[in-house]
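Here is a short report on one protein chain. Look over the model first, then read on.

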Amino acid sequence: MTEEAAPQRRGRRIMMDPGERDAFLRTQRTCRVGTVGRQGAPHVGALWFCWDGRALWLYSLTRSRRWAQLRQDPRIAVLVDDGEDYGELRGVELSGRAESVGEAPRTGAACPELAEAERLFCAKYFGLPQMPHDGRHAWLRLVPAAVVSWDFRKL
């Protein structure tokens, strides 16, 4: 979370501290990404992601509805959650503006700004030392303007 990100006002008793939030975001595998279409209709889809402690990195198909909507309107909300029983529920909601980083679609051209995200992502999902590029995906970065978290295990 950036220094400028809005502080969480409600649910302080069950909110995650920064270390808990970072550990949660580093270990969870799937997020739900919400975007807004031209007519204001919401669209939500699941996506893999990685967290570098400051930004959420999304590796999205460039021919997806999500990509097209974010090019028109960069506002985004992302939900990462876990748990089945009520007392196990926990999650983080991040919102702000998504920005494209690097080439789109990504073919692997040198981009120092993507080095850490690609290292984290390929280790997390592929168990590889280098990111495979398929020429169909590209990177989106969300440096959250607001973050809300909860961990019902604290109740």
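Two residues count as in contact when they have heavy atoms within 4.5 Å of each other. Keep that cut-off in mind for the packing described below. The model is predicted.

## Overall build

The protein chain has 3 helices and 7 strands. Read from the N terminus, the order is α-β-β-β-α-β-β-α-β-β. The C-alpha atoms fill a box of roughly 45 × 40 × 30 Å along the principal axes. The radius of gyration is 16 Å, which agrees with the value near 15 Å for a compact globule of 155 residues.

Buried residues account for 42% of the 155 residues. The accessible surface is about 8,800 Å². Carbon and sulfur atoms hold 50% of that surface.

How much of the contact set joins residues at least 24 apart, among contacts between residues at least 6 apart in sequence? The share is 70%.

## Helix 3 and its cover

Helix 3 spans residues 115–125. Its buried residues are Ala117, Glu118, Leu120, Phe121, Cys122, Lys124 and Tyr125. Which elements cover them? The cover includes helix 1 (18–27), strand 2 (42–51), strand 3 (56–61) and strand 6.

An α-helix has 3.6 residues a turn, so residues three or four places apart point the same way.

Glycine 127 follows helix 3. The phi of glycine 127 is positive, near 65 degrees.

Further on comes arginine 136, in the loop between helix 3 and strand 6. Leaving out residues up to four places away in sequence, arginine 136 touches Ser60, Leu61, Thr62 and Pro105.

## Charges and salt bridges

The chain carries 24 positive and 20 negative charges. Their mean positions are 5 Å apart. Side chains of opposite charge can pair when their charged atoms come close. The count here is 11 salt bridges. The table gives three of them.

| Basic residue | Acidic residue | Closest N to O distance |
|---|---|---|
| Arginine 32 | Aspartate 81 | 2.5 Å |
| Arginine 75 | Aspartate 73 | 2.6 Å |
| Arginine 141 | Glutamate 99 | 3.0 Å |

Start with the pair of arginine 32 and aspartate 81, joined by a salt bridge. Arginine 32 sits in strand 1 (residues 30–36) and aspartate 81 in strand 4 (residues 75–82), so the bridge ties together parts 49 residues apart in sequence. Arginine 32 is partly exposed, at 39% relative accessible area. Aspartate 81 is also partly exposed, at 30%.

Next, arginine 75 and aspartate 73 form a salt bridge. Is each partner buried or partly exposed? Arginine 75 is partly exposed, with 43% relative accessibility. Aspartate 73 is buried, with 16%.

Arginine 141 and glutamate 99 make another salt bridge. Arginine 141 belongs to strand 6 (residues 137–142) and glutamate 99 to strand 5 (residues 90–101), so the pair links parts 42 residues apart in sequence. Arginine 141 is buried, at 11% relative accessibility. Glutamate 99 is partly exposed, at 38%. This pair does not stand alone: Glu99, Glu113 and Arg141 are linked in a network of salt bridges.

## Distances across the chain

Aspartate 73 serves as a reference point for two arginines.

Arginine 38 lies in the loop between strand 1 and strand 2. Arginine 38 is exposed, with a relative accessible area of 69%. In sequence, arginine 38 and aspartate 73 are 35 residues apart. In space, their C-alpha atoms are 7.9 Å apart.

Now take arginine 136. How far apart are arginine 136 and aspartate 73 in space? Their C-alpha atoms are 21 Å apart, and 63 residues separate them in sequence.

One more pair involves strand 7 (residues 146–151), where valine 148 is placed. Valine 148 is partly exposed, at 35% relative accessible area. Valine 148 and glutamate 88 are 60 residues apart in sequence. Their C-alpha atoms are 17 Å apart.

Terms used
Residues are numbered from 1 along each chain as its sequence is written. This is a predicted model: local features need pLDDT of at least 70, side-chain atom pairs count only at pLDDT 80 or more; totals for chains, interfaces and linings use all residues. Side-chain values use heavy atoms; hydrogens and water are left out. Helices (H or I, at least four residues) and strands (E, at least two) are DSSP runs, numbered from the N terminus. The radius of gyration is taken over C-alpha atoms; the globule rule is 2.2 Å times the number of residues to the power 0.38. Buried means under 20% relative accessible area, exposed over 50%, partly exposed in between (1.4 Å probe, protein chains only). Accessible areas come from the Shrake-Rupley method with a 1.4 Å probe; for residues, only the protein chains shown count as cover. Lys and Arg count as positive and Asp and Glu as negative; His and the chain ends are not counted. The place of a charge is taken as NZ of Lys, CZ of Arg, CG of Asp or CD of Glu. A salt bridge is a side-chain nitrogen of Lys or Arg within 4 Å of a carboxyl oxygen of Asp or Glu.
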